[in-house]
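Here are a few short exercises to work through with the model on your screen. Try each one before you read its solution.

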Amino acid sequence: MKIGVLALQGSFIEHISVMRQLGAEASPVRLPNQLDSLDGLVIPGGESTAIFNLMQSFSLIQPIRELAKVGLPILGTCAGMICLAKKVSDHDMETLAVMDIVVKRNAFGRQIDSFETALPIPALGDKPFPAIFIRAPIIESVDSQVAILARLTNGTVVAAKQGNVIAAAFHPELTDDLRLHSYFLSIITKQLSGDLGDRDEQSRVKLRDSWRDS
Ligand code: GLN
């Protein structure tokens, strides 16, 4: 399984390491041609404006949007989640807009207000997940096609899934608990074995060729 990890800024090294621990072939993505033939993409935490601006500079926005449209599984964590959202409520910033969620940045305050909590994520089993929130965003609202994966005890939504796209407000790559990454890989496995039926390999090849030629 080939996983690309967007390696422009933020915690990409940690994501690559977790993916390799789980037996996936993981490689950094900095240029559009490195998106070729990936089975999944991770957008790490970091600083969402920096990540998005660099994506723009490296001409990655359109290819990633198009791959998302044809069903490429994507995992976005923290700043990565902000990049996936269709709207950021408290900042006037452009995003990839591949997930129908509205997010709010730095929703818990400053760096000093970072915290770790045992977060119930039913999709990962009974044991709560050690979720690390660092200047984290929250999900303020979701459209009906989005499944909520996790809420804090006060009801705040902090992880969600739409099709093959998963967003988490916290940093699963900074703990020894690999279950969220495993869950993401299981979605890819299902897709590759045809269970989800929404992989459109032909349109992916066509898209890839079109941005290669342009
Ligand atoms: N505060 C960052 C932002 O708004 C996200 C922080 C993180 O990814 N840990 O982009």
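**Exercise 1.** By class, how many nonpolar, polar and charged residues does the shell around the ligand have?

*Solution.* This is a predicted model, in which local features need pLDDT of at least 70 and side-chain atom pairs pLDDT 80 or more, while totals for chains, interfaces and linings use all residues. Numbering runs from 1 along each chain as its sequence is written, and side-chain values use heavy atoms, without hydrogens and water.

Step 1: list the residues with a heavy atom within 4 Å of the ligand. They are Gly45, Gly46, Glu47, Ser48, Cys78, Ala79, Ile82, Arg105, Asn106, Ile134, Arg135 and His171.

Step 2: sort them, taking Ala, Val, Leu, Ile, Met, Phe, Trp, Tyr, Cys and Pro as nonpolar, Asp, Glu, Lys and Arg as charged, and the others, Gly among them, as polar. The shell has four nonpolar, five polar and three charged residues.

**Exercise 2.** Which polar backbone atom is 2.8 Å from an oxygen atom of the ligand? Find partners for ligand nitrogen too.

*Solution.* Look for N or O pairs within 3.5 Å.

- The backbone partner of the ligand oxygen belongs to Gly46, at 2.8 Å.
- Ile134 places a backbone N or O atom 2.9 Å from a ligand nitrogen.
- His171 uses a polar side-chain atom, 2.7 Å from a nitrogen of the ligand.

Finish with cover: by the Shrake-Rupley method with a 1.4 Å probe, the ligand alone exposes 300 Å², and the protein buries 96% of that.

Definitions and conventions. Near = heavy atom within 4 Å. Polar contact = N/O pair within 3.5 Å; in protein donor to acceptor, adjacent residues only side chain to side chain.
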